[in-house]
Amino acid sequence: MVNCKEIFELISDLIDEEIEIEEELHREFLEHISECPHCGPFLNTFKKTVNLCRRIENIRVPEEVHISFWRSIRVEIYKKKK
Ligand SMILES: [Zn+2]
């Protein structure tokens, strides 16, 4: 099981550099943020910031991979909440 610290480390890794996420880790990541009262809201804020920056700057974002990753996470969270 992943804990909050690992989630935050994973997120900072994703921001800093491109990393590949193992399927199992990705699944645990999704499970954690859908249940955790700390990581869920944090991730939402983070994603909003990323999307906002992208819109305002209107530049080609190298983190495009990351953004699509966050998008897929959001979809997964919504699925779980329903
Ligand atoms: Zn957490």
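**Exercise 1. Find the residues that Phe-29 contacts, leaving aside its neighbours within four places in sequence.**

Step 1. Start with the criterion: two residues are in contact if their C-beta atoms, placed from the backbone, lie within 7 Å.

Step 2. Set aside the neighbours within four places in sequence, and Phe-29 is in contact with Val-2, Ile-7 and Leu-10.

Before going on, note that this is a predicted model, in which local features need pLDDT of at least 70 and side-chain atom pairs count only at pLDDT 80 or more, while totals for chains, interfaces and linings use all residues. Residues are numbered from 1 along each chain as its sequence is written.

**Exercise 2. Place the largest nonpolar core on the helices.**

Step 1. Lay out the elements: the protein chain has four helices and zero strands, in the order α-α-α-α from the N terminus. Helices (H or I, at least four residues) and strands (E, at least two) are DSSP runs, numbered from the N terminus.

Step 2. Recall that a nonpolar core is a set of buried Ala, Val, Leu, Ile, Met, Phe, Trp, Tyr and Cys residues joined through C-beta atoms within 7 Å. The largest one has five residues, namely Ile-7, Phe-29, Ile-33, Cys-39 and Leu-43.

Step 3. Helix 2 (23-35) and helix 3 (39-57) each supply at least two residues of this core.

**Exercise 3. Sort Ile-33, Ile-11, Phe-8 and His-38 into buried, partly exposed or exposed.**

Step 1. Count other C-beta atoms, placed from the backbone, within 10 Å of the residue's own: 20 or more means buried, 12 or fewer exposed, and anything in between partly exposed.

Step 2. Ile-33, found in helix 2, is buried because it has 23 such neighbours.

Step 3. Ile-11 belongs to helix 1 (residues 4-16) and is partly exposed because its count is 18. Phe-8 is also in helix 1, and its 14 neighbours make Phe-8 partly exposed.

Step 4. His-38 sits in the loop between helix 2 and helix 3; with 12 neighbours, His-38 is exposed.

Step 5. For the whole chain, buried residues make up 6% of the 82 residues.

**Exercise 4. Trace how residues separated in sequence are placed in space.**

Step 1. Work from C-alpha to C-alpha. Phe-8 and Cys-39, 31 residues apart in sequence, are 7.9 Å apart. For His-38 and Cys-4, 34 residues apart along the chain, the separation is 7.7 Å.

Step 2. Add Ile-11 and Phe-46, 35 residues apart in sequence and 9.6 Å apart in space.

Step 3. Now take the chain as a whole: of the contacts between residues at least 6 apart in sequence, 59% join residues at least 24 apart.

**Exercise 5. Decide where the confidence is lowest and where it is highest.**

Step 1. Use pLDDT, the predictor's confidence in each residue, from 0 to 100. The chain averages 72, and 54% of the residues score at least 70.

Step 2. Helix 4 (residues 64-81) is lowest, at a mean of 64, and helix 2 is highest, at 84.

Step 3. Where pLDDT is low, the predicted coordinates should not be read in detail.
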